[in-house]
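Please open the model in your viewer and keep the sequence panel beside it. We will walk through it one selection at a time.

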Amino acid sequence: MGKQVLLIEDEPNIIEAIRFILSRDGWDVRTHSNGLDAFEAARARLPDVIILDVMLPGKSGFDILAEIRADAALADTPVLMLTARGQKKDREMAERAGASHYMTKPFSNAEILETVRQMVVP
Amino acid sequence: MATLNILVLVCLSYVALLFAVAFAADRAALRGRGTWLRSPLVYTLSLSIYCTAWTFYGAVGFAARSGLEFLTIYLGPTLVVIGWWWALRKMVRVGRSQRITSIADLISSRYGKSNTLAVFVTVLAVVGTTPYIALQLQSVTFSFAAFAETGPGTGQALNRDVTAFWLALGLALFTILFGTRNLDANERHHGVVMAIALEAVVKLFALLAVGVFVVWGLSGGVSETLARIDASKIATWDVSASRWVGVTALSAAAFLCLPRMFQVMVVENEDEDHLRTAAWAFPAYLMLMSLFVVPIAVVGLDLLEGTNPDLFVLSLPLSQGQDGLAILAFLGGFSSATSMVIVAAIALSTMVSNHIVMPIWLNMTGGSAVISGDVRQVALLARRLSIAGVVFLGYLYFTISGGGTALAKIGLVSFAGVAQFLPALLGGLFWRGATRMGAMTGLAIGSVVWLYSLFLPSFGPAVILSEGIMQQGLLGLSWLRPQALFGSEGMDPLVHAVMWSMLLNTAGFVLVSLLSFPKPIERLQGAQFVNVYEHSPTSGGWTGGLAQTEDLLIMAQRIMGPTQAQTFFAGAAGGQGIGGYLPEPSPDFLQALERELSGSVGAAAAHAMVGQIVGGASVSVEDLMAVADETAQIMEYSSKLEAKSAELTRTARKLREANDKLTQLSRQKDAFLSQVSHELRTPMTSIRAFSEILRDTKGLKAGEAGKYASVIHDEAIRLTRLLDDLLDLSVLENGQVNLNVQSGTLADLLDRAAAAAGGEAATLKIRRRRGDEDIILSTDLDRLAQVFINLIANARKYCDAAQPVLTIETRMSGETLLVDFTDNGSGIPVDKQDVIFEKFSRIGDTKAGGAGLGLAICREIMARLGGQVTYLPGQQGAAFRVSLPLEQRVAAQ
């Protein structure tokens with residue numbers, strides 16, 4: 001049983017693509033597509049890695065990240081943030097909010113796989 | 001006696017001639033002929049009533065007694081006419097524009113139409129002029145006597161009183177006949193003016209003739225005459241400088257203030273420009289009048305030692321047996337006397353009847369004399385009785401005083417009396433700060449000082465003022481000695497009295513004017529007088545009724561502004577059941593108007609204005625206009641400032657709004673770029689990820705490969721749609737749209753739109769009333785459908801109700817079709833309502849949906865179709881209204 005990754009993303013096609021890529025590499029991919037209760041989902045699963053989209057229905061990815069970092073159980077969980085808005089200030093906001101990694105869509109499959117792998121290496 | 005009879009005959013013929021001339025002139029003026037009546041020459045000659053019998057005979061006597069000092073009497077007026085031409089012009093202009101009837105009227109009018117002041121001036125004028133009239137009577141009777149003495153019938157002593165009586169009667173008759181033909185004292189008395197102009201010529205001619213006779217007939221030429229003058233004591237007469245200055249100033253003041261001078265100079269003036277001619281012609285006349293005074297005096301002193309030098313002009317020819325020349329000289333003196341009495345009587349009677357008799361009469365009849373004919377008759381009667389009264393007073397004075405030597409000096413005493421008007425007169429013309437109280441004070445002080453120090457002592461010692469008062473002063477106070485006030489001893493009595501009276505008069509006038517506060521009407525009149533050139537020279541009157549209301553309307557318009565005034569007047573007229581803008585001037589209406597006006601100019605001014613127009617009193621419309629204009633200008637200015645300030649506030653608000661909008665737009669643009677980036681990158685992410693999967697993954701199942709390929713395909717289409725929207729908007733905004741006009745019903749169109757927007761999905765319930773939708777449209781149906789689809793899709797996407805319902809209501813407003821799309825969600829916040837139609841605008845940052853182009857596209861489409869789409873605030877949820885004028889289809893086709 002591989003490590004668990006929680007993907008919080010609202011675009012079905014992107015969920016499908018990432019699940020395919022990571023699953024083939026042996027990851028246990030869980031998904032959540034709503035911003036409002038994304039934190040509760042993470043709290044319940046306590047995944048090894050979280051992949052978090054910035055633009056989510058109901059709540060912004062930055063807000064969710066802040067909640068995660070504020071939580072004792074999740075504070076050290078590596079978080080990879082994905083955004084479709086390729087602006088510089090988004091990257092800065094993500095780093096300030098405590099994102100472990102930041103990636104702009106569209107990404108290459110190899111790149112996201114490599115990044116996720118590195119993030120769980122102690 | 002033969003000479004005397006001839007004299008009487010000549011005299012009567014001369015009077016008959018004067019009557020004829022006056023009558024002819026009046027007739028000519030009445031028929032509008034005889035423009036020569038209004039020539040500047042006649043005006044100048046009429047001014048010569050300044051030269052009365054006192055100057056005609058008296059100048060020679062003056063010269064015989066005091067040498068060249070007589071010239072001061074001519075010098076004063078000359079200086080005024082030449083140097084003060086502009087002051088005279090102003091006085092004439094004021095007189096004409098204010099319809100001034102006398103100097104009392106001028107002063108009273110200037111100081112707020114104070115009748116007290118007018119009475120004061122009138123009384124002083126009568127007191128000052130009566131002895132002067134007596135003097136004229138005296139000179140004529142003396143000259144008659146001179147004839148009688150030298151004539152063959154010396155034994156028959158001529159009764160002086162009888163002569164004076166008949167003379168007075170004749171003069172009064174003439175004056176009444178020609179001086180009171182018209183009630184309007186402001187109208188010209190052409191007959192009288194013409195007669196005195198003729199008399200002016202006669203007296204000049206007579207004096208010149210006597211002079212020529214004396215120089216060439218008696219002395220034997222110019223050089224001999226000069227030698228005689230050198231030899232006489234006149235040449236060595238030393239002249240006191242203070243008397244020179246004093247008498248010159250006095251005669252100058254009197255020239256301006258004498259009621260009879262005011263009458264011919266201002267009231268009878270036809271044209272201001274006549275003053276221009278008079279400025280040189282009148283001094284020339286005076287120069288001719290004084291040319292032979294010294295030779296006559298010198299020769300008279302030589303030949304007629306011991307006789308009255310005042311009669312040299314007459315007695316010299318008589319003594320030489322020149323009866324013809326003597327009669328001419330007599331006529332000259334007669335002319336001087338009669339012209340003065342006639343004009344003075346007219347001037348004084350106007351004052352007496354207007355300011356004393358009429359007010360008393362009106363008061364006695366309770367002021368209810370509303371019938372105009374009634375008042376006219378009374379006024380004419382008052383005027384005629386006043387003339388008779390004034391002349392009779394002169395006669396009375398003459399008989400009582402006995403024609404003694406006291407009369408000889410009365411000319412200058414009289415001058416000093418009327419000169420008291422000067423400070424109030426000039427102050428009124430040139431100083432807006434002059435007040436009624438100041439004028440009253442100055443006049444009162446001046447006239448009291450004049451009475452005490454000059455007039456009363458002039459009757460001779462111990463006649464009225466006892467010897468004790470003259471020597472020790474009033475109540476034994478030495479500083480109150482009549483001819484040495486405040487210890488100023490050793491001065492010439494005349495100069496002393498003139499100095500103190502004028503000094504105290506002026507000081508009192510200025511001081512009290514500065515200390516007292518003028519009433520509104522004084523301010524108004526003050527402005528009218530001082531700024532007479534700025535105001536219209538014409539003056540209006542009212543006949544009452546609607547004319548009054550119109551005046552009120554004109555005034556109200558100037559104060560309240562035309563629209564407001566017209567509305568107010570029209571409203572009042574409507575209230576009275578009358579159409580138009582002119583209501584009856586009922587008390588209610590006037591009170592309302594006053595209140596209305598007081599809002600603009602204050603209660604006092606409003607009261608005065610309405611009162612003046614309605615009272616038909618002496619303030620002319622132009623007066624009120626002047627004040628109204630001033631007020632209007634101030635108000636206009638302040639309202640301009642207010643408007644400016646309001647405009648600035650508006651501009652500032654607009655700028656702030658624009659700035660807010662720009663800031664918001666800029667933020668939206670940033671947000672849009674993010675949004676476009678997101679909208680483009682999201683499908684591209686899927687496309688890239690799946691194309692890499694398809695490329696790199698070996699051994700994909702056939703189903704999986706097909707599925708991933710179709711994802712790529714769908715996402716490519718999504719990208720295309722986004723680009724299409726952007727292009728669509730760009731095209732619409734640039735107006736490069738070709739409308740494809742088709743016909744169809746609204747119901748079909750809405751069906752199509754609902755279906756295209758995913759109507760079959762049960763998430764959004766759509767309520768419609770198909771009965772209302774049976775409207776045939778002729779427009780670009782595809783574009784209109786696009787708008788409807790957008791609105792329905794928006795409701796589907798954004799309505800946050802648990803069970804979303806969209807109500808589509810259709811109705812006609814005139815020729816405009818209105819389709820309202822109202823959902824039951826929470827609507828759009830007020831601060832967003834402005835921007836939702838801007839492109840790239842989306843509500844909320846993270847809500848899923850389009851790129852924020854939908855409503856922007858809708859707005860552009862509706863604009864192209866000739867209608868509009870707007871947000872309807874105040875509904876239960878979000879509500880959009882599509883309005884489309886149906887006649888637009890005609891234009892579209």
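The tour starts with a whole chain, stops at two places in its loops, and ends at a contact between chains. Keep in mind that this is a predicted model.

**Stop 1: chain A as a whole.** Select chain A and colour it by secondary structure. You should find five helices and five strands. Follow the ribbon along the sequence and the two kinds of element appear in the pattern β-α-β-α-β-α-β-α-β-α. Of the 122 residues in this chain, 53% count as buried. Now switch on the surface: chain A has about 5,400 Å² of accessible surface, and 48% of that belongs to carbon and sulfur atoms. If you look at contacts in chain A between residues at least 6 apart in sequence, 60% of them join residues at least 24 apart.

**Stop 2: a loop after α2.** Next, select L46(A). This residue lies in the loop between α2 (38-45) and β3 (49-53) of chain A. What is the value of phi at L46(A)? Phi there is near 45°, which is positive, in a residue other than glycine. Leave the side chain showing as well: L46(A) has 44% relative accessibility, so it counts as partly exposed.

**Stop 3: a cis peptide bond.** Move on to K105(A) and P106(A) and show their backbone atoms. The peptide bond from K105(A) to P106(A) is cis, and its omega is near -10°. To place P106(A) on the ribbon, look in the loop between β5 (101-104) and α5 (109-120) of chain A. Keep P106(A) highlighted for the next stop.

**Stop 4: where chain A meets chain B.** Bring chain B into view and select the residues in contact. The selection should hold 23 residues from chain A and 27 residues from chain B. Together the two chains bury about 2,200 Å², with carbon and sulfur atoms giving 57% of that area. Which three residues supply more of the area that chain A buries against chain B than any other three? They are F20(A), M55(A) and P106(A), which supply 26% of it.

**Stop 5: polar links across the interface.** Between chain A and chain B there are eight residue pairs in polar contact. Two salt bridges also cross this interface. For one of them, select E11(A) and R718(B): their closest N and O atoms are 3.2 Å apart.

Finally, colour the side of chain A that touches chain B by element. Here α1 (12-24) and α5 each give two or more residues, and α1(A) gives the most, with seven. Recolour by class, and that side shows 11 nonpolar, seven polar and five charged residues.

How values were computed: Residues are numbered from 1 along each chain as its sequence is written. Chains are lettered from A and ligands numbered from 1 in the order in which they are written. This is a predicted model: local features need pLDDT of at least 70, side-chain atom pairs count only at pLDDT 80 or more; totals for chains, interfaces and linings use all residues. Side-chain values use heavy atoms; hydrogens and water are left out. Helices (H or I, at least four residues) and strands (E, at least two) are DSSP runs, numbered from the N terminus. Buried means under 20% relative accessible area, exposed over 50%, partly exposed in between (1.4 Å probe, protein chains only). Contact means heavy atoms within 4.5 Å. Buried area is the accessible area (1.4 Å probe) that two parts lose on being put together, summed over both. A salt bridge is a side-chain nitrogen of Lys or Arg within 4 Å of a carboxyl oxygen of Asp or Glu. A polar contact is a pair of N or O atoms within 3.5 Å; within protein, one must be able to donate a hydrogen and the other to accept it, and residues adjacent in sequence count only if both atoms are side-chain atoms. Ala, Val, Leu, Ile, Met, Phe, Trp, Tyr, Cys and Pro count as nonpolar, Asp, Glu, Lys and Arg as charged, and the others, Gly among them, as polar. Accessible areas come from the Shrake-Rupley method with a 1.4 Å probe; for residues, only the protein chains shown count as cover.
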